[in-house]
Amino acid sequence: MAPSVEDFTVGRAQSAPMDVVYQFFATPCRSFVAGDCPGHEQYLTSTVAAASTTDVMVLVIDARRGLLAHTRTHAYLASILGVRRVVLAVNKMDLAGFDETVFERICSTWSVFVEQLGFDEVVTIPLSARCGDNVHGRSTRMPWYEGPTLQGYLESTHIERHALGNFVLPVQLANYTTSAFCSVSGTVARGCIRPGDEVRVMLSGKCAHVSEIITFDGIREQARAGDAITLALDRQIEVSRGDVLTMSSSPVETTDHFNATIIWMHDEAGLAGRNYDLKLGGQSTSACITTIKHRVDANTLAREPSRELALNDVAICNIATSRPLAFIPYDQSATLGGFILIDYFSRKTVAAGLFHYGLRRGKNLRHQPFCVTRESRERLNGHRGRVIWFTGLSGSGKSTIANALEKKLHSQGKRTYILDGDNIRQGINKDLGFTEPDRVENIRRVAEVARLMMDAGLVVISAFISPFRKERSLAQQLVGTENFLEVYIKTPLAVCEQRDPKGLYRKARSGQIPNMTGVNSPYEEPQRPDFVIETTELSVDECVNILVGALNY
């Protein structure tokens, strides 16, 4: 049982990234699944994946090097991911001369750090994996050590298998074989269920009684956490994949605003205000980080302010979702407390997260309906509300064309308004700078304002550089694709610099402006805009005529 890499975990094998290698083995006393994870920082994703399904984590360190930063990081991650038992295996004691003082020095440093993490059980074992000392048999070369061997500890430690609490079942499949039959399938996340119990579909509130519990092995009289089951219900109720079943008398909490720990696992920074896909059990919705409260230095456990999340950052954040989710705090249920964030464009998993509690604000807010609707306002105006979103480099001609377009529409009796970057930044967004997080928040606020003005029946003309595709996509989602017209004012950078109406490019080239789009900050060209306007080939009037024709008023 000699590990070949720095850290490995012992636990339950589930789906894992390619950097986790699972080894299955058994001793006369117990069967094991060892999740073998690289110890280096760039493989933190693998550590998170393995630790989330682990009963005991074994951290293997080199006695000559002592505790390293990434070992502390792994211990911290294990503590927040619910691992309750950890073994610090001080390996290569043979190369340290089997010196007791070396081991005691490591134990002293380790105990000070690990005391803050709240593990139920912490064991430190000196060993030489190469020679077998204290791995499966007691070492004769370290008579000063009187604790368990590694194998002895793993064979004897007590593991709690069943999650306590009331019954919870995330629905994986709903089956309506006949008009009188309804069944749901999934794996019990918590508690137990018996025939005759009344269950409730969270969110919808529909209830039914359990007629039978069906498993691969046949009919059961009871099912517990971890059992894969099908529940036959006594009547048809509306239920589908992603719903959550609970006991009717003990529903779980639902909200659309959470406090959570986020472990960022992607090279591209995580930003407040940017939208991601969130998956929680079978539930899926869009979500955004509303506030990054602080990041945690996993080496010192110190709290540090942060405006964005970098690779391997661990941070406490507030998260808002587009619809309410049924959840249980992670320390009570990993299934309904652990989630992932997925990038809209690349579809890569960018973060793992742990819900702690719902924010009261999410429960108290309700959409307030009004008697005068958008349709009523549009009838009064005589035209639809729309959002025309101009994007392009500074100096490309966005504001010039936006002004000319509004003048043309106004002359036709249309109700319009221009949202311009400079004007907005002197008012509602005057607290924002030009860093990437501030630019994301700038566009988010503008998109929300544009949506409200469109709801008033106005033709909203937005003229912003809006350099990032994700934020333009967010604006489109908020407004609605059918109401959103993306216009790319495509002007070469050299032409924009030649025009340079505000002198910004000149200042950026001389180092006076640190985040100038096109110079020292990127501009991501639209991939599928509704219109591409090349100002070097068309006059302002020609551009306006094209857009007026597209509006079809």
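Before I turn to the hairpin in this structure, let me say what pairing means here, namely that two strands pair if DSSP finds at least two bridges between them. Please also keep in mind throughout that what we are looking at is a predicted model.

With that in hand, let me begin with strand 19, which covers residues 275–280, and with strand 20, which covers residues 283–296; the two run antiparallel and are joined by six bridges. Together strand 19 and strand 20 make a hairpin with two residues between them, and in that turn Gly 281 has a positive phi of about 60°. If you would like a particular pair to look for, Asn 275 has Cys 288 in strand 20 as its bridge partner.

Which other strand, then, pairs with strand 19? That is strand 24, residues 338–342, which pairs with strand 19 in the antiparallel sense over four bridges, and here the bridge partner of Lys 279 is Ile 340 in strand 24. Strand 19 is also mostly covered, in that five of its six residues are buried.

Let me move on to the nonpolar cores. In general, nonpolar side chains in soluble globular proteins tend to be buried together. In this model the largest nonpolar core has 40 residues, and those with the most contacts inside it are Leu 81 and Trp 110. Several elements each supply at least two residues of this core, including helix 1 (44–51), helix 2 (69–80), strand 5 (85–91) and strand 25 (349–358), while the largest share, seven residues, comes from helix 3.

What does Leu 81 contact, leaving aside its neighbours within four places in sequence? The answer is Val 48, Ala 51, Ser 52, Ile 263, Tyr 330 and Leu 354. Apart from this largest core lies another core, of 21 residues, among them Trp 264, Phe 327, Leu 341 and Phe 355.

Finally, I would like to look at one polar residue, Asn 429, which is found in the loop between helix 8 (421–425) and helix 9 (436–455). Is Asn 429 buried or exposed? Asn 429 counts as buried, because its relative accessibility is 0% and the cut-off for buried is under 20%. Not counting residues up to four places away in sequence, Asn 429 touches Ile 424, Asn 442, Arg 445 and Val 446, and with Arg 445 there is a side-chain to side-chain polar contact of 3.2 Å. To place this loop in the whole model, the C-alpha atoms of Asn 429 and Gly 196 are separated by 58 Å, and these two residues are 233 residues apart along the chain.

Note on methods: Residues are numbered from 1 along each chain as its sequence is written. This is a predicted model: local features need pLDDT of at least 70, side-chain atom pairs count only at pLDDT 80 or more; totals for chains, interfaces and linings use all residues. Side-chain values use heavy atoms; hydrogens and water are left out. A nonpolar core is a set of buried Ala, Val, Leu, Ile, Met, Phe, Trp, Tyr and Cys residues joined through side-chain atoms within 4.5 Å. Buried means under 20% relative accessible area, exposed over 50%, partly exposed in between (1.4 Å probe, protein chains only). Contact means heavy atoms within 4.5 Å. A polar contact is a pair of N or O atoms within 3.5 Å; within protein, one must be able to donate a hydrogen and the other to accept it, and residues adjacent in sequence count only if both atoms are side-chain atoms.
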